[in-house]
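Student: Could you take me on a close walk through one part of this fold? I'd like to start where a helix lies over a sheet and then see what surrounds that spot.

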Amino acid sequence: MRDHVTGKFDPIQVEVWRHLLAAIAEEMGATLERTAHSPNIKERLDHSCALFDGGGRLLAQAAHIPVHLGAMPLMLQSLLPIITWKPGDMWLTNDPRIGGTHLPDLTLVAPVYAAPRSALLGFVASRAHHADIGGLSPGSLPLSTELFHEGLIISPIRLLEHGEIRDDVLNVICSNSRTPTERKGDLAAQIAANQTGSHRFRELVQLHGIGEFKRRTNENIAYAEMAVRKALSALPAGDYSASDYLDDDGAGQTAIEIRVRATIRATGTVRFDFSGTADQVTGALNATEAITRSACYYVVRALVRDEIPTNEGCMSAVEVVAPSGSLVNARFPSAVAGGNVETSQRIVDVLLRALAPALPDRIPAASQGTMNNVTIGGYDPVRSRPFAYYETIGGGAGASAAASGASAIQTHMTNTRNTPIEALESHYPLRIIELSIAEGTGGEGRHRGGDGIVRRIQLLAAAHVAILSERRVTAPYGLAGGAPGAPGSNSIQLPGGAEQPIPAKWSADCPAGTVLTIRTPGGGGFGEPLS
């Protein structure tokens, strides 16, 4: 326990409990991966798992998806006062108004009790990206102009009641998806993950006692807060500002500015003020407050060199001002499908650019700044079933003062894998024609930015294709004299036709034989070239 006289912590117990708590979330994730039906979850690992105490404070989150870091805690705080929690229940939601990110991300929350009639111990939660939740186009990442275009909005509802699945709720969800069998299987996997987490949570409390559990979790939260404040207090105090631009919203608006002022205080706190950022847009790039907070927490968490618990304490020293009605805190029912995957990346770029003068030896140049979202869906005549494929594609990482950037990698707010070619081709009517490094796309500098990826996909069946991508106009910036990375590009080749460029946001029905090519951006370079 923390010594309140000296302000010191028991380092052994902090480390032991950091791993005890994180192991529960990691095991939840392993359960979800093993039992999920869709390649998006079992292969790409597009999910996050976490546990919370009875007051909704984050105790641990597995090292899954950074964009979920601040979103799930915000959701728990929203759910606590509006739900009557009971043993055996699990509640499901994706609502952006209460900590949701975008509609394909379904969050399932379970209260944990030591016994049916005992006091509430805490909560476990799993969030998974479902490859189709309805909406205008397969994959539920359409070129939308309002939330209702993007799929089924699920206000908090009991999916499990007294330990039993509510078939009426499950049927409504599956009936609104183009791939109902996948939805049923992936929701069953989330239930299994929460059951695993609940079981391990109870075991931990029973082994150590509720008093020791509370003491050690409080200590872990206090330790994380101390470590974050220590890292922030080591930075030069002052105001640091930056801005950057999204290419377009897919609905006619271009050069959409994100602006931030980062105020670092000597007391070990930071304030991120997004005043001056563009108003919410018509297209799908609006971010919810949960997304913006996640990006801020991610950047601050990355500033801490030490291995520390990822919990509520990491967020206590961070203040976020995201004006309502702006791009970074859009009002309902704004379209938000791309805010989670594209705008989150640009927010990180802006935050790092602002902090670069305070930490010139540690802040890297911009990474690719996009997730290059591709959704393809239709009917598979060979397997006699509908399909909905979703993928994010990696690119170049920004170089730093210490090293060149990595090539062909997922960066910042995404931590997913790619879908292995073998799994993709065995599950979908698609063929990968090329998967290679886009040589020369990284920015020049003393240290070069990482190169992007070339991914060419051939449709073996007629399908609807949608792309949500960025950094096709505004290049990933370099730092300290380094050159920017090369922007990405998209193109399509219809059967018998020539290859044609297509916009960053694009959607169309395509015949079998169509070849889609995505060339992702490179990372920015760092420092003046040596020669």
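Tutor: Let's start with helix 7, which lies across strand 10 and strand 11 and runs at about 145 degrees to strand 11. Keep in mind that this is a predicted model.

The strands under helix 7 belong to an open sheet of four, in the order 8-9-10-11, with mixed pairing. Its edges are strand 8 (238–248) and strand 11 (318–321), and each of these pairs on one side only. Going from one strand to its neighbour in this sheet, the turn is 15 degrees on average, direction ignored. For the parallel part, look at strand 10 (residues 269–273) and strand 11, which are joined by four bridges. If you want a spot to click on, Val270 stands opposite Val318 in strand 11. As background, strands of a sheet pair through backbone hydrogen bonds, either parallel or antiparallel.

Helix 7 has company on this sheet. Helix 8 (residues 339–355) lies across strand 8, strand 9 (254–265) and strand 10, and it runs at about 145 degrees to strand 8. So strand 10 has both helix 7 and helix 8 lying across it.

Now follow helix 7 to the largest pocket. Helix 7 (289–303), helix 1 and strand 2 (58–61) each supply at least two residues of the lining there. The biggest share comes from helix 1, with four residues. The space in this pocket comes to about 460 Å³. Its lining has 22 residues, and those nearest the centre are Gln61, Ala62, Ala63, Arg301 and Thr310. By type, the lining divides into twelve nonpolar, six polar and four charged residues.

Helix 1 is also a handy bridge to the next piece. Its axis comes within 10 Å of that of helix 6 (residues 210–233), and the two cross at roughly 100 degrees. Helix 1 and helix 6 are therefore roughly perpendicular to each other. On the helix 1 side (residues 11–35), the contact is made by Gln13, Val14, Trp17, Arg18 and Leu21, while helix 6 brings Glu212, Phe213, Arg216, Thr217, Glu219, Asn220 and Tyr223. That set divides into five nonpolar, three polar and four charged residues.

Helix 6 packs against helix 5 (residues 180–208) too, at an angle of about 110 degrees and with the axes 6 Å apart. That makes helix 5 roughly perpendicular to helix 6. Here Phe201, Leu204, Val205 and His208 of helix 5 meet Ile210, Glu212 and Phe213 of helix 6. The contact divides into five nonpolar residues, one polar and one charged. Glu212 and Phe213 are worth selecting, as they turn up in the contact with helix 1 and in the one with helix 5.

For contrast with the mixed sheet, there's also an open sheet of five strands, ordered 14-15-20-17-18, with antiparallel pairing. Strand 14 (430–438) and strand 18 (500–502) sit at its edges with a single partner strand each, so one side of each is left without a neighbour in the sheet. Neighbouring strands are turned by 20 degrees against each other on average, again ignoring direction. Inside this sheet, strand 17 (residues 489–493) and strand 20 (residues 515–519) pair in the antiparallel sense over five bridges. Asn490, for one, has Ile518 in strand 20 as its bridge partner.

Conventions
Residues numbered from 1 in each chain as written. Predicted model: local features only at pLDDT ≥ 70, side-chain atom pairs only at ≥ 80, totals over all residues. Heavy atoms only, no water. Pairing = 2+ DSSP bridges. Axes fitted to C-alpha atoms, helices over the stretch in contact; angles between N-to-C directions. Parallel < 35°, antiparallel > 145°, perpendicular 65-115°, else oblique. Contact = heavy atoms within 4.5 Å. Nonpolar A, V, L, I, M, F, W, Y, C, P; charged D, E, K, R; others polar. 1 Å grid on protein atoms, 1.4 Å probe; cavity = no way out; pocket = protein on both sides within 12 Å on 5 of 7 lines; lining within 4 Å. Points joined across faces, edges and corners; volume = space filled by probe spheres on them.
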